[in-house]
Amino acid sequence: MLSRFLCGLPYFVMTEQEIIKGCIQGDRLAQSKLYANYYALMYNIVTRYASEEDDKQALINGGFFKVLDKINQYNNSYALATWIRNIL
């Protein structure tokens, strides 16, 4: 994990594998990185199913809980984005 500074505050850069490992271990920073990295992907997916912004947010949050619950089943022979799409 690299530490960089953004606006004087530490900003941690994590690889996808570090994020996955951290999420399996329940690391909040890794979970936050997963959310930040894949929010746009999930937003685009749920837009197909919901038109109201509140509904979209509820689907995204539920989807992330589902992803975090099943992250230990992730098979790294697939891209994480592909696996997330399948979980949703």
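**Exercise 1. Classify Tyr 35 and Tyr 39 by accessibility, then describe their ring pair.**

Step 1. Tyr 35 has a relative accessibility of 30%, so Tyr 35 counts as partly exposed. The scale is this: buried is under 20% relative accessible area, exposed is over 50%, and partly exposed is in between, with a 1.4 Å probe and protein chains only. The model is predicted: local features need pLDDT of at least 70, side-chain atom pairs count only at pLDDT 80 or more, and totals for chains, interfaces and linings use all residues. Residues are numbered from 1 along each chain as its sequence is written, and side-chain values use heavy atoms, with hydrogens and water left out.

Step 2. Tyr 39, with a relative accessible area of 25%, is also partly exposed.

Step 3. Both tyrosines, Tyr 35 and Tyr 39, belong to helix H2 and stand four residues apart, about one turn of the helix. Helices here are DSSP runs (H or I, at least four residues), as strands are (E, at least two), numbered from the N terminus.

Step 4. Rings of Phe, Tyr and Trp (its six-membered ring) pair if their centres lie within 6.5 Å; planes under 30 degrees apart count as stacked, over 60 as edge-to-face and the rest as tilted. The count by this rule is four aromatic pairs. For Tyr 35 and Tyr 39 the ring centres are 5.6 Å apart and the planes are at 45°, so this pair is tilted.

**Exercise 2. Follow the rings from Tyr 35 to helix H3.**

Step 1. Phe 64 has a relative accessible area of 5%, so Phe 64 is buried, while Tyr 35 is partly exposed at 30%.

Step 2. The ring centres of Tyr 35 and Phe 64 lie 4.5 Å apart with planes at 40°, so the pair is tilted.

Step 3. This pair joins distant parts of the chain, since Tyr 35 is in helix H2 and Phe 64 in helix H3, 29 residues apart.

Step 4. Tyr 35, Tyr 39, Tyr 43 and Phe 64 are linked by ring pairs into a cluster.

**Exercise 3. Identify what builds the largest nonpolar core.**

Step 1. A nonpolar core is a set of buried Ala, Val, Leu, Ile, Met, Phe, Trp, Tyr and Cys residues joined through side-chain atoms within 4.5 Å. The largest one has 21 residues, and those touching the most other members include Leu 34, Tyr 38 and Trp 83.

Step 2. Two or more residues come from each of helix H1 (16-24), helix H2 (28-46), helix H3 (53-70) and helix H4 (80-87). H2 contributes the most, seven residues.

Step 3. Leaving out residues up to four places away in sequence, Leu 34 touches Ile 19, Cys 23, Phe 64, Val 67, Leu 68, Leu 80 and Ile 84.

**Exercise 4. Find which side of H4 is buried and what covers it.**

Step 1. Leu 80, Ala 81, Trp 83, Ile 84 and Ile 87 are the buried residues of H4.

Step 2. Down the axis of H4 these residues fall within an arc of 160°, so they line one face of the helix. The arc is that of the directions from the helix axis to the C-beta atoms.

Step 3. H1, H2 and H3 are among what covers the buried residues of H4, where contact means heavy atoms within 4.5 Å.
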